[in-house]
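The following paragraphs go through one protein chain, part by part. Please keep the sequence and the model in view while reading.

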Amino acid sequence: MKSLDIHKSEYLKQFKNQAYGRNLFRTQEEERLDAPNEECGIFGLYSDNDLDTFSLSQFGLFALQHRGQEACGISVLKDGKITNMKDEGLVLDVYKDIQDPETFMGNSAIGHTRYTTAGDKKKYNFQPFFAKNEYDQIILSIAHNGNLTNAKELKTELEAEGVVFRATSDSEVILRLIQKNLDLGLRGAIKATMEKIEGAYSVVGMTRNKFFAFRDFNGIRPLVLGAVDEKTYVVASESVALDAVGAQYVRDILPGEIIYTNENEPGKLQSYMVNEEKGKQRICSFEYIYFARPDSTMENINVYEIREKSGEKIWEQAPVEADVVIGVPDSGVPAAIGFSKASGIPFRPVLIKNRYIGRSFIVPTQEMRERVVNLKLNPIISEIKDKRVVIIDDSIVRGTTSKRLVKILKDAGVKEIHFRSVSPPIIAPCYLGIDTPSKDDLISANMTTEELRRYLGVDSLEFLSTDNLKEILGSSNHCFGCFTEEYPVGKGEEVELFN
């Protein structure tokens, strides 16, 4: 058997050249219904000199493709003029359709890859958002990751003042508030905006002569800062986007911090804390379990190591006798390697991926949709037939994907199935930038672990405990809302932000 270090190396290496896919058993429809879906990925680049912003923004957004596959867009600053482009589709497909890359060469760029959380799936909700002056010139552009919990109230206030909204996304509220307050200067406008908005927000943006980024007072959604050289800076949702453009990780942007450039000091990045007493670290714990790419580092914590430790910890929490450990590609593999390391039970990469399959076939019947999954992932039957198998998955949401996975293993002749989730039971929706089903559709909110074990048809079922998750993360200073129903900020109205 290959050593676990070799398995780890091969696992991580693949994501340098191909998009990361969290749970490849899920069909495209199930990604929407049977999984927590990430909100967005944001990317920003600023230099005192002209760069190939077309290529660099493409590389950075491709590294963040796992955070949103619905649409992507960029805004580029060149000679004091902002040009915007956004369209439906994956990053490489959208960039491929750009006829003149020279149009998107400049000294600064921001980009966004989208998964819908607030607002509908219309093109006017694609980001970056931008504001124009009376001469039809773009003067401000932003990309936002997260959800505001008081967006509806603020939108009503702004409309009463005569502000016209063109989209149905909470992100436009941030744009219009900054635009409204620009007479205070850029920093003052952002400060005034942060003092009004509530919820989760990491934002990157530009004016015709400045670049900026800021993060909410709880730091719920990630945002990292990197540097290519002394006059070229990169901001992104995850450190893998820094790696993709050759930038060195500098640090995470702090909760409640604004970073920005000043035209009077070209190439120098400024930092301003809006309210140091209010700033607290409450980054989403599910970023480490599920959302982030495994080769990312956030808040100085390596995501792969957390996932491997979660496998080790769930072995300590719920040991079992078995012959083989397998992980659901891609997100379940590090935990399976950790489980194997702690238990001595061999890890086998039994679920083989078809690397050439697209997002989804268009098929009219449920029977045929089921078969698509076997085109994505097919088990090596000889490795698991008549064996006692531990299957490691990242989470159980509605349970439909897990149930079908169990059926595939049983059809392959597995003797026993022991299911381990390296996430605590998900019992509550997220209101802070993650698209989760309602509580009525969260299976762990409606079944005991024993009831769920019987529903899945497995020999044993265990979830990582919240206490063990806190131990792995080394802190309780995270958001655990989907596991505990306790959130670092008020959840706001439990209605659509924009009807």
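How many residues lie between strand 5 and strand 6 in the hairpin that they form? There are five residues between the two strands, and D136 in the turn has a positive phi of about 65 degrees. The model is a predicted one, and this hairpin serves as the starting point for the walk through it.

Strand 5 covers residues 129-132 and pairs with strand 6 in the antiparallel sense, over four bridges. Within this pairing, F129 has I142 of strand 6 as its bridge partner. Strand 6 itself spans residues 138-148 and is mostly covered, with 11 of its 11 residues buried. The next pairing of strand 6 is with strand 7, residues 199-207; the two run antiparallel and are joined by nine bridges. Two pairs can be used to locate this pairing in the model. L140 has T207 of strand 7 as its bridge partner, and N147 is bridged to A200, again in strand 7.

These strands belong to an open sheet of six strands, in the order 5-6-7-8-12-13, with antiparallel pairing. Strand 5 and strand 13 (269-273) are the edge strands, each of them pairing on one side only. With direction ignored, neighbouring strands in this sheet are turned against each other by 15 degrees on average. In general, the strands of a sheet pair through backbone hydrogen bonds, and the pairing is either parallel or antiparallel.

The parallel case is found elsewhere in the chain. Four strands, in the order 17-20-21-22, form an open sheet with parallel pairing. Its edges are strand 17 (324-327) and strand 22 (460-463), each of which pairs on one side only. From one strand to the next, the twist averages 20 degrees. Strand 21, residues 416-421, pairs with strand 22 in the parallel sense over four bridges. R420 has its bridge partner in strand 22, namely E462.

Which strands does helix 10 touch where it packs on the sheet? Helix 10, residues 303-317, touches strand 21 and strand 22, and its direction makes about 125 degrees with that of strand 22. Helix 14, residues 400-411, lies across strand 17, strand 20 (388-393) and strand 21, and runs at about 150 degrees to strand 21.

Another helix to look at is helix 11 (residues 333-343), which contains F339. F339 counts as buried because its relative accessibility is 0%, where the cut-off for buried is under 20%. Leaving aside residues up to four places away in sequence, F339 touches G311, E312, I314, W315, V320, V325, I345, V390, I392 and R420. One of these, I314, is 25 residues from F339 along the chain, and the C-alpha atoms of the two are separated by 7.3 Å. Another of the residues that F339 touches is R420, the residue whose bridge partner in strand 22 is E462.

Is R293 buried or exposed? R293 is found in the loop between helix 9 (286-291) and strand 15 (297-298). Its relative accessibility is 6%, so R293 counts as buried. Not counting residues up to four places away in sequence, the residues that R293 touches are F15, K16, Y20, A63, H66, E238, V240, V303 and R307.

The interior also has enclosed space. The structure holds three cavities of 30 Å³ or more. About 80 Å³ of space lies in the largest of them. Its lining is made up of I220, R221, C284, S285, F286, C430, L432, I434, C479, G481, C482 and Y487. Sorted by class, the lining of this largest cavity has nine nonpolar residues, two polar residues and one charged residue.

Some totals place these parts within the whole chain. The secondary structure comes to 18 helices and 23 strands. Of the 499 residues in the chain, 58% are buried. Among the contacts with a separation of 6 or more, 72% are between residues 24 or more positions apart. The contact between F339 and I314, which are 25 residues apart along the chain, is one that can be looked up in the model.

Definitions and conventions:
Residues are numbered from 1 along each chain as its sequence is written. This is a predicted model: local features need pLDDT of at least 70, side-chain atom pairs count only at pLDDT 80 or more; totals for chains, interfaces and linings use all residues. Side-chain values use heavy atoms; hydrogens and water are left out. On a 1 Å grid over the protein atoms alone, a cavity is a set of points where a 1.4 Å probe fits but cannot get out, and a pocket is an open set with protein on both sides within 12 Å along at least five of seven lines; lining residues have an atom within 4 Å of a point. Grid points are joined across faces, edges and corners, and a volume is the space filled by probe spheres set on the points. Ala, Val, Leu, Ile, Met, Phe, Trp, Tyr, Cys and Pro count as nonpolar, Asp, Glu, Lys and Arg as charged, and the others, Gly among them, as polar. Two strands pair if DSSP finds at least two bridges between them. Axes are lines fitted to C-alpha atoms, for helices over the stretch in contact, and angles run from 0 to 180 degrees between N-to-C directions. Contact means heavy atoms within 4.5 Å. Buried means under 20% relative accessible area, exposed over 50%, partly exposed in between (1.4 Å probe, protein chains only).
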